[in-house]
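Morning, everyone. I've got one structure to walk you through today, so let me put it up on the screen and we'll go from there.

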Amino acid sequence: MTDTPENERDPRERIRRLLVAIDASASCLDALDELAALAARLEFEMRTVFIEDTDLLDLVGHRVLTAYSAQSHVPLDSQTIERTMRHRAAAAKRAVAAAAARGRVPVHFEVRRGRTAPEVVQSAGEDELIVISRQARGFTVTRDPARQRVGPAAREILGATKRPVLVLSSVGSLTGPLYAVFDGSRASLHALEFTAAIAAYPKGRTFVVLLLATDDEDAAHLKRDAQARLALHGITAVYQEVRPDDL
């Protein structure tokens with residue numbers, strides 16, 4: 001008996017855990033119940049990592065930050081930041097535990113200190129799907145987060161890891177359209193199949209496959225491959241051709 005080729009296996013044989021990354025933006029907290037339900041449906045475990053961003057502490061140490069918060073008038077010294085980080089980590093741990101209990105899924109919570117993106121990339125295991133908020137940005141603040149395309153931490157993770165990444169919408173929700181980037185590689189095939197597993201329930205969600213092609217002929221070839229793969233899952237999709245520089 002020969003082993004099933006890696007790219008022919010069910011993606012759930014390769015991904016066993018959701019690695020949910022929480023940084024100072026904390027948007028992933030809004031989706032914890034949905035993520036727990038997804039993990040339960042796919043028989044996954046959850047691992048949640050809260051990142052204490054050292055860039056913020058470094059700035060405080062170098063006195064680059066404004067001395068007072070405009071909202072609370074509390075001095076932004078290192079002790080205040082440390083205390084705030086501990087409170088946020090504790091609140092995140094309680095929220096994760098409650099969501100996991102409601103979803104009846106195993107969960108592990110840990111706190112790591114460092115820069116958000118490198119810590120997430122380094123901690124991701126071979127059998128884990130990284131879940132990150134679209135707004136993930138470390139400590140930086142945007143006046144209108146709804147207009148922000150993708151936060152810098154999320155962009156850095158997408159560029160640095162070869163692991164599949166699920167980017168949540170700006171409000172930290174799993175509802176709405178699903179997008180998968182497909183360039184024909186084995187990694188993108190795994191991402192395509194996993195997104196199909198998400199799209200299977202509930203029915204009727206818009207599924208957009210972004211064909212990362214160098215020309216029209218390449219895009220047509222990628223579309224045929226993606227259609228054939230999704231047909232095995234009973235999933236239909238909308239296809240959109242994109243060039244590497246436009247992704």
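Which residues in α3 are buried? They are Thr80, Ile81, Met85, Ala89, Ala92, Val96, Ala99 and Ala100. Keep in mind as I go that this is a predicted model.

On the spacing in that list, here's the textbook bit: an α-helix has 3.6 residues a turn, so residues three or four places apart point the same way. As for α3 itself, the helix covers residues 78–103, which is 26 residues. From first C-alpha to last it reaches 37 Å, close to the 38 Å you'd expect at 1.5 Å a residue. Just after α3 comes Arg104, with a positive phi of about 55 degrees.

Now, one of those buried helix residues has a charged contact partner. Met85 is touched by Glu52, which sits in strand β2, residues 45–53. Is Glu52 buried or exposed? Glu52 counts as buried, because its relative accessible area is 9%, and the cut-off is under 20%. Besides Met85, Glu52 touches Val111, Arg112, Arg113 and Gly114, leaving aside residues up to four places away in sequence.

Okay, zooming out. We're looking at 7 helices and 8 strands, and 42% of the 247 residues are buried. If you take contacts between residues at least 6 apart in sequence, 74% of them join residues at least 24 apart.

Next, the cores. The largest nonpolar core has 47 residues, and Leu18, Leu35, Met46 and Phe207 touch the most other members. Helix α6, residues 186–199, gives this core its largest share, 7 residues. Apart from that core there's another one, of 10 residues, including Ile51 and Val120. Back to Leu18 for a second: its contacts include Leu35, Met46 and Phe194, again not counting residues up to four places away in sequence.

Last stop, the sheet with β6, β7 and β8. How are these 3 strands ordered? They go β6-β7-β8 in an open sheet, with parallel pairing. β6 and β8 are at the edges with a single partner strand each, so one side of each has no neighbour in the sheet. From one strand to the next, the twist averages 25 degrees. β6 and β7 are joined by 5 bridges, and in β7 the bridge partner of Ala180 is Val209.

Two helices go with this sheet. α6 packs on it, touching β6 and β7, with its direction at about 160 degrees to that of β6. α7, residues 216–231, lies across β6, β7 and β8 and runs at about 140 degrees to β7.

That's my tour, thanks.

Note on methods. Residues numbered from 1 in each chain as written. Predicted model: local features only at pLDDT ≥ 70, side-chain atom pairs only at ≥ 80, totals over all residues. Heavy atoms only, no water. Helix = DSSP H or I, 4+ residues; strand = E, 2+ residues; numbered from the N terminus. Expected span 1.5 Å × (residues − 1). Buried < 20%, exposed > 50% of the residue type's maximum accessible area, 1.4 Å probe, protein only. Contact = heavy atoms within 4.5 Å. Core = buried A, V, L, I, M, F, W, Y, C linked by side-chain atoms within 4.5 Å. Pairing = 2+ DSSP bridges. Axes fitted to C-alpha atoms, helices over the stretch in contact; angles between N-to-C directions.
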